[in-house]
Amino acid sequence: MSPLEGRVAFITGAARGQGRAHAVRLAREGADIIGIDICADIETFNYPCASPEDLEETRLLVEREGRTMIARKADVRDAEGLRAAFEDGYARFGRVDIVLANAGMIRFGDSRDPVREWQDTIDVLLTGAFNTVQASIGRMREGGRGGSIVLVSSSAGLKGTASDEPSAQAYTAAKRGLVGYMQVLANQYAPESIRVNTVHPTGVLSGMTMNPAMAKMAAAAGSNVSQMQNALPIQILQPEDIANAVAFLVSDEAHYITGTQWALDAGFSVR
């Protein structure tokens, strides 16, 4: 029997990158998936979000693993729309055991509207994680089986790096804020065997890191680039590297792990 046989995972930002890798890996372990993504661009960010076609491809990849994915378009900033998308999936499966608040964005330099860029970054990363938990925690508690919640933070949630860009500043503030939010949830729901942790990847190959805006920023970074290097001799991780760790963290093998900050960062935070 597969380790996650019969369980259901709710994943935001599921259309590509880490979200897709999480969906496919957890499906391989036996879980069905409720996967959402905005599938539309956000005006203040300067690279494209995933597309409806990307989300459909994730759904097909989950099917190839022999599991079912309910795929819905939803914006994590829209609490009611997100809840409705989750409830569609819940109506199909009747349970939720794993929640991965994975959706994320950042503007790479070239600030045009600092206040909006700050707010939109906070809204996607921090408020979006809050909305994700709010949409699903009631159903998880009703099940009475415990569960696992993982908030996808970043190496930036462990160590800030210099930047005068408002979105980058908000990114670090939000990713660090996820740690505090995780600790509150871990304490709150421990009596119900609901475990809550953060993961902190360094750079991961995805639509967020492989785009012209990121390349332009990296080229202009100059002397600041040294503070963004990993300790281990690897420049960037694959999304599957993060999915492998998360698959363990949400499994029964990790049933005593809660309230922790997992640095999946190739030593970035110790440099």
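Here is a short chat about two helices, a pair of cysteines and two residues in a predicted model.

Visitor: Hey, what am I looking at, an experiment or a prediction?
Guide: This is a predicted model.

Visitor: OK, let's start with helices α4 and α5. Which residues do they cover?
Guide: Helix α4 takes in residues 114-143, and helix α5 takes in residues 166-189.

Visitor: And how do people describe two packed helices?
Guide: With the angle between their axes and the distance between the axes.

Visitor: So what are those numbers for α4 and α5?
Guide: Their axes come within 8 Å and cross at roughly 20°. Angles under 35 degrees count as roughly parallel, so α4 and α5 are roughly parallel to each other.

Visitor: Is the crossing of α4 and α5 left-handed or right-handed?
Guide: Right-handed.

Visitor: What kinds of residues make up the contact of α4 with α5?
Guide: There are 18 nonpolar residues, along with four polar and three charged ones.

Visitor: Can we zoom in on α5? Where does A174 sit, and is A174 buried or exposed?
Guide: A174 is in helix α5. Its relative accessibility is 0%, so A174 counts as buried.

Visitor: Which residues does A174 touch?
Guide: Setting aside neighbours within four places in sequence, A174 is in contact with I122, L125 and L126.

Visitor: How far is A174 from G157?
Guide: Their C-alpha atoms are separated by 7.7 Å, and the two residues are 17 residues apart along the chain.

Visitor: Now Q169. Where is that one, and what is its relative accessibility?
Guide: Q169 also has its place in helix α5. At 37% relative accessibility, Q169 counts as partly exposed.

Visitor: What is Q169 in contact with?
Guide: Leaving out neighbours within four places in sequence, the contacts of Q169 are W118, S163 and D164.

Visitor: And how far is Q169 from V24?
Guide: The C-alpha atoms of Q169 and V24 are separated by 32 Å, with their positions 145 residues apart along the chain.

Visitor: Switching topic: how many disulfides does a search of the whole structure find?
Guide: Zero.

Visitor: Remind me what a disulfide is?
Guide: A covalent bond between the sulfur atoms of two cysteines.

Visitor: Then why is there no bond for C39?
Guide: The closest cysteine sulfur to that of C39 is in C49, and it is 9.0 Å away, too far for a bond. The cut-off for a disulfide is within 2.5 Å.

Visitor: Are C39 and C49 buried or exposed?
Guide: C39 counts as buried, at 7% relative accessibility. C49 is buried too, with a relative accessible area of 10%.

Note on methods:
Residues numbered from 1 in each chain as written. Predicted model: local features only at pLDDT ≥ 70, side-chain atom pairs only at ≥ 80, totals over all residues. Heavy atoms only, no water. Axes fitted to C-alpha atoms, helices over the stretch in contact; angles between N-to-C directions. Helix = DSSP H or I, 4+ residues; strand = E, 2+ residues; numbered from the N terminus. Parallel < 35°, antiparallel > 145°, perpendicular 65-115°, else oblique. Left-handed = near helix turned anticlockwise from the far one by under 90°. Nonpolar A, V, L, I, M, F, W, Y, C, P; charged D, E, K, R; others polar. Buried < 20%, exposed > 50% of the residue type's maximum accessible area, 1.4 Å probe, protein only. Contact = heavy atoms within 4.5 Å.
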